[in-house]
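Student: I would like a close look at one part of this model, namely the aromatic cluster and its surroundings. Please take me through it step by step, and then place it within the rest of the chain.

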Amino acid sequence: MTNKISMKSFVTVAIATVMAAAAMSGLMPATAQKVGPSGNPLPRFVSLSASKAFMRTGPGRQYPVDWVYERQNLPLEIIDEYGAWRQVRDHEGTTGWMLVSLLFGPRTVMIRGKTRELYANPALNAEPVVIAEAGVIGLVEGCEGLWCEIEIAGESGWIERRHLWGVYPGETLD
C-alpha cells in the first residue's frame, strides 16, 4: 500500500516546518504571548518573596488554604491573574492562588533531576565550578541558547537550561 500525500498536505506541512524553525531560531515567537490584566505576559516565572506563603484554592482570603510554602525564593509560574491574586504553578505541577505581594520578579531556578555540575563556561568540557543537588535554588544571571548562568551561594556557573525549572526553552534573559 502506498501513502498518498496531496499537494495541499505537503504545503501545510512545509509551512508548519518553516514556522517552527523560525520560532526556534528566535526569528518569530512560537505563539502569541497572552497578556494578563496587569499588563504582564502570561505565563511567566517569578519567585516567592515570603518565607511563608499560603496557596489557596481560589483568588481570595475566603478560599481555603491548600498548601503552605516555607521556602523563600522558590520559583513559581504565574498562569493567570485576578485582581491582586495570581494563579501559580510550582515545580511539581501543583496550582493554586497567591497574593501578588508574596511574589517578586528576580528570577530564580531550581535544579531538576539529580546532582548537577555548573561550569566556568557554557560548555560541557569546561571546568566544573559548583556541584548542586536537585532542589537547590539559584539566582538567574542570564540565559542564552541552551545554557543559563546562575548563582548559588555566591558562586556563579553555567548549566544547561534543560536541568532547570524556572526558565522557558528558548527564553533569553540578561
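Tutor: What follows starts with the aromatic rings, moves on to the cores, and ends with the disulfide and some backbone details.

The model is a predicted one, and the chain averages a pLDDT of 86, with 82% of the residues scoring at least 70. Over residues 1–29 the pLDDT is below 50, and beyond near neighbours in sequence this stretch has seven contacts in the model. The secondary structure comes to one helix and 16 strands, and of the 174 residues of the chain 39% count as buried.

A search of the whole structure finds three aromatic pairs. One of them brings Phe45 and Trp165 together in an edge-to-face arrangement, with 5.0 Å from centre to centre and 85° between the planes; the pair is edge-to-face because its angle lies over the 60 degrees that this class requires. The two rings come from distant parts of the chain, since Phe45 belongs to strand 3 (residues 44–48) and Trp165 to strand 16 (residues 164–165), 120 residues apart. Phe45 has a relative accessibility of 7% and so counts as buried, and Trp165, with a relative accessible area of 12%, is buried too.

Phe45 also forms an aromatic pair with Tyr168, and here the geometry is tilted, with 4.5 Å from centre to centre and 40° between the planes. This pair likewise links distant parts of the chain, from Phe45 in strand 3 to Tyr168 in the segment after strand 16, 123 residues apart. Tyr168 has a relative accessibility of 22% and therefore counts as partly exposed, the cut-off for a buried residue being under 20%. Taken together, ring pairs link Phe45, Trp165 and Tyr168 into a cluster.

A useful residue from which to look outward is Leu76. Leaving aside its neighbours within four places in sequence, Leu76 is in contact with two members of the cluster, Phe45 and Trp165, and also with Arg44, Val46, Leu48, Val88, Arg89, Asp90, Met98 and Leu103. Leu76 itself is among the residues with the most contacts inside the largest nonpolar core, which has 19 residues; the others named for this are Leu48, Leu74, Val88, Met98, Leu102 and Leu103. Strand 3, strand 4 (53–56), strand 6 (75–82), strand 7 (85–89) and strand 8 (95–99) each supply at least two residues of this core, and strand 8 gives the most to it, with three residues. Strand 3 therefore appears in both parts of the picture, as the strand that holds Phe45 and as a contributor to this core, where nonpolar means drawn from a set of residue types that are buried and joined through side-chain atoms. In soluble globular proteins, nonpolar side chains tend to be buried together.

Apart from this core lies another, of 14 residues, among them Ile111, Val140, Cys143 and Ile159. Cys143 has a second role, as a disulfide joins Cys143 to Cys148, with 2.0 Å from S to S, and the count for the structure comes to one disulfide. The link of Cys143 and Cys148 is right-handed, with 110° about the S-S bond. Both ends are covered: Cys143 is buried with a relative accessible area of 2%, and Cys148 is buried with a relative accessible area of 0%.

Some backbone details complete the view. The peptide bond from Leu42 to Pro43 is cis, with omega near -10°, and Pro43 is found in the loop between strand 2 (41–42) and strand 3, the strand to which Phe45 belongs. Asn73 has a positive phi of about 75° although it is not a glycine; its place is in the loop between strand 5 (65–69) and strand 6, and with a relative accessible area of 30% Asn73 is partly exposed. Ala153 also has a positive phi, of about 50°, without being a glycine, and is placed in the loop between strand 14 (147–152) and strand 15 (155–160), where a relative accessible area of 80% makes Ala153 exposed. Most residues other than glycine have a negative phi, and most peptide bonds are trans.

Conventions
Residues numbered from 1 in each chain as written. Heavy atoms only, no water. Phe/Tyr/Trp six-rings, centres within 6.5 Å; stacked < 30°, edge-to-face > 60°. Helix = DSSP H or I, 4+ residues; strand = E, 2+ residues; numbered from the N terminus. Buried < 20%, exposed > 50% of the residue type's maximum accessible area, 1.4 Å probe, protein only. Core = buried A, V, L, I, M, F, W, Y, C linked by side-chain atoms within 4.5 Å. Contact = heavy atoms within 4.5 Å. pLDDT = per-residue confidence, 0-100. Disulfide = S-S within 2.5 Å.
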